[in-house]
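Me: I would like to understand the terms used to describe this structure. Please set each value against its definition.

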Amino acid sequence: MLCLKSETNPAWVEVAVKNMEAIMIDHAHCERKAASNGISMILRYPEKAELVKAMIDLVDEEMEHFRFVFDELQSRGITMTRDKGDIYAQKLSENIRKQEPQKLLDLLLVDALIEARSCERFLLLSKSPMISDELKEFYHRLFASEAGHYRTFTDIARLYFPADTVKSRLEELAIIEAEIVKNLSNLPSIHG
Ligand SMILES: [Fe+2]
Ligand SMILES: [Fe+2]
């Protein structure tokens with residue numbers, strides 16, 4: 001799907017649908033972190049107007065997603081607990097180069113890959129016969145929106161870097177991402 005080089009292990013879906021409370025809490029944190037990440041991109045690159053404009057829209061949408069998930073938690077009487085962290089995102093971020101302009105390219109493409117993987121997993125959840133129709137609809141809406149974010153990050157990358165450079169670095173990072181995903185332990189979290 002999108003630029004991904006591997007598919008999620010079906011064992012993850014089995015674990016996820018049996019632990020929807022943990023999945024929904026982790027998901028709320030993912031949306032909150034996606035919004036925070038958009039703000040940190042604005043902090044890092046305030047002179048890049050197109051990037052700033054795209055991040056303003058993205059932050060709005062991610063906070064809207066956070067609100068959806070938070071409301072779902074509230075309506076189910078689930079209390080949000082502290083973030084347990086995201087090993088997948090940490091490992092992928094270790095591949096961001098330190099020097100500019102490569103750093104900007106890698107930040108954008110790592111974000112694109114995280115959006116793509118989230119998108120793949122929301123689609124898997126939306127197809128599971130084990131969850132309610134209401135939740136299926138909810139995940140399907142998020143699938144479409146996160147696919148749009150994948151495009152936002154890759155479009156911005158192509159605005160500031162030559163298309164060939166973007167393509168080849170995305171290819172390299174997607175291979176690394178697939179390797180990280182292969183070694184995940186199928187835990188009840190969005191990127192587990
Ligand atoms: Fe989101
Ligand atoms: Fe997103």
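**Reading the terms of the model**

Reply: Just after α3, G77 takes a positive phi of about 70°. The model is a predicted one, and the helix before this glycine is a suitable place to begin.

Me: How do you know that the span of α3 agrees with the length expected of a helix?

Reply: The expected span is 1.5 Å times one less than the number of residues. For α3, with 27 residues, this gives 39 Å, and the distance from the first C-alpha to the last is 39 Å.

Me: What makes residues of α3 count as buried, and which are they?

Reply: A residue is called buried if 20 or more other C-beta atoms lie within 10 Å of its own. In α3 this holds for L51, A54, M55, L58, E62, H65 and V69. Their cover includes α2 (20–44) and α6.

Me: How do you know that the span of α6 is as expected?

Reply: Helix α6 covers residues 133–160, which is 28 residues, and should therefore span 40 Å at 1.5 Å a residue. The C-alpha atoms at its ends are 42 Å apart, in agreement with that value.

Me: Which residues of α6 are buried, and what do they pack against?

Reply: The buried residues are F138, L142, F143, E146, H149, Y150, T152, F153, T154, I156 and A157. They pack against three helices: α3 (49–75), α5 (102–127) and α7 (163–182).

Me: Why are α3 and α6 called roughly antiparallel?

Reply: Their axes cross at roughly 165° and come within 11 Å. Angles over 145 degrees count as roughly antiparallel, so α3 is roughly antiparallel to α6. The crossing of α3 past α6 is left-handed.

Me: Which residues make the contact of α3 with α6, and how do they divide by class?

Reply: From α3 come E50, L51, A54, L58, E61, H65, F68 and E72, and from α6 come F138, L142, S145, H149, T152, I156 and L159. By class, eight are nonpolar, four polar and three charged.

Me: What makes the pair α5 and α6 roughly antiparallel?

Reply: The two helices pack at about 160°, with their axes 8 Å apart. With the limit for this term at over 145 degrees, α5 and α6 are therefore roughly antiparallel to each other. Here too the crossing is left-handed as α5 passes α6. The contact of α5 with α6 has 19 nonpolar, five polar and four charged residues.

Me: Why is E14 called partly exposed?

Reply: The term applies between the limit for exposed, 12 or fewer neighbours, and the limit for buried, 20 or more. E14 has 13 C-beta neighbours inside 10 Å, so E14 counts as partly exposed. This residue lies in helix α1 (residues 10–18). A178 is 164 residues from E14 along the chain, and their C-alpha atoms are separated by 20 Å.

Me: What is noted about the backbone of N186, and why is N186 called partly exposed?

Reply: The phi of N186 is near 55°, a positive value in a residue other than glycine. N186 is placed in the segment after α7. With 15 C-beta neighbours inside 10 Å, N186 falls between the two limits and so counts as partly exposed.

Me: Which residues does a cis peptide bond join, and where is P101 found?

Reply: The cis bond joins E100 and P101, with omega about 5°. P101 is in the loop between α4 (87–93) and α5.

Key:
Residues are numbered from 1 along each chain as its sequence is written. Chains are lettered from A and ligands numbered from 1 in the order in which they are written. This is a predicted model: local features need pLDDT of at least 70, side-chain atom pairs count only at pLDDT 80 or more; totals for chains, interfaces and linings use all residues. Helices (H or I, at least four residues) and strands (E, at least two) are DSSP runs, numbered from the N terminus. Two residues are in contact if their C-beta atoms, placed from the backbone, lie within 7 Å. Axes are lines fitted to C-alpha atoms, for helices over the stretch in contact, and angles run from 0 to 180 degrees between N-to-C directions. Angles under 35 degrees count as roughly parallel, over 145 as roughly antiparallel, 65 to 115 as roughly perpendicular and the rest as oblique. A crossing is left-handed if the near helix is turned anticlockwise from the far one by less than a right angle, and right-handed if clockwise. Ala, Val, Leu, Ile, Met, Phe, Trp, Tyr, Cys and Pro count as nonpolar, Asp, Glu, Lys and Arg as charged, and the others, Gly among them, as polar.
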